[in-house]
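I opened this entry to look up one loop residue and the aromatic pairs. My notes follow the order in which I checked them.

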Amino acid sequence: MSTGKKSGPPAPSWTARFTKGFSRETLAAHPWLKPVAHHLSEPGLWHVQHEAVARGVAIGMFWAFALPVAQILVAAVHCIWWRGNIPVAAGVTLITNPFTIGFWLWLAYKLGSLILGISPAEVEAGSAAMEAASASAGFDVMGLLARFGWPAVLGMAIFSVAGSIGGYVLVNLAWRFRVWFKRRIQRHGR
């Protein structure tokens, strides 16, 4: 008697379907990556080792805020140079994506305005000036850059540096806490 179900190999997991074609071998064979292909086979760039993961987080956080595009590619190349975990760095760069970039730019602008000493009244005047400029045919690009661009650039630079340092430190602290917790459980027999 047949139950109606086919027997065969199990369906691949969602991670296997997502990463299909993204192995070290396929990346090393890619024509654009030929100059660094021999470095892609190093195990520290792919395995979860605490120092490589901490470096991957730091590299990913830095490039997530430093570049608006091509963050994953630049982070991967820097992981080869700094011996960071490539998948972790690529994942961390996704903190700034098309859905969240508006929030990060707004927050960076607020931080940059605070540091540069731009008062909230000037921010409001700048918003009104931007609306008026967009309504008219011509507008002062350098004036808009000075009013909005430099505070945002300063804020994103601060996010890049502070995020990379903070991410590196937090991963190392979390790893040490994990080791301490495992040892405590082993000592007390729980």
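**Threonine 93 and the rings**

I began with threonine 93, which is placed in the loop between α5 (86-92) and α6 (101-116). The model is predicted. I found threonine 93 to be buried, its relative accessible area being 0%. A polar atom of its side chain lies 2.6 Å from the backbone oxygen of alanine 90. Setting aside neighbours within four places in sequence, I listed Gly60, Ala64, Gln71, Ile72 and Ala75 as contacts of threonine 93.

I then turned to the fold as a whole. I noted 8 helices and 0 strands. Of the 190 residues, 27% count as buried. I also looked at contacts between residues at least 6 apart in sequence: 67% of these join residues at least 24 apart.

Next I went through the rings. The count came to 8 aromatic pairs. In one of them, phenylalanine 62 and tryptophan 63 have ring centres 4.9 Å apart and planes at 90 degrees, so I entered the pair as edge-to-face. Phenylalanine 62 is partly exposed at 28% relative accessibility, whereas tryptophan 63 is buried at 18%.

The rings of phenylalanine 177 and phenylalanine 181 have centres 6.1 Å apart and planes at 20 degrees, so I entered this pair as stacked. The two residues are 4 apart in helix α8 (residues 141-188), and about one helical turn separates them. Phenylalanine 177 is exposed at 52%; phenylalanine 181 is partly exposed at 41%.

I recorded one aromatic cluster formed by Phe65, Phe103, Trp104, Trp106 and Phe159. Last, I found the charged end of arginine 178 over the ring of tryptophan 175, 5.6 Å from the ring centre.

Terms used: Residues numbered from 1 in each chain as written. Predicted model: local features only at pLDDT ≥ 70, side-chain atom pairs only at ≥ 80, totals over all residues. Heavy atoms only, no water. Buried < 20%, exposed > 50% of the residue type's maximum accessible area, 1.4 Å probe, protein only. Contact = heavy atoms within 4.5 Å. Polar contact = N/O pair within 3.5 Å; in protein donor to acceptor, adjacent residues only side chain to side chain. Phe/Tyr/Trp six-rings, centres within 6.5 Å; stacked < 30°, edge-to-face > 60°. Lys NZ or Arg CZ within 6 Å of the ring centre and 35° of its normal.
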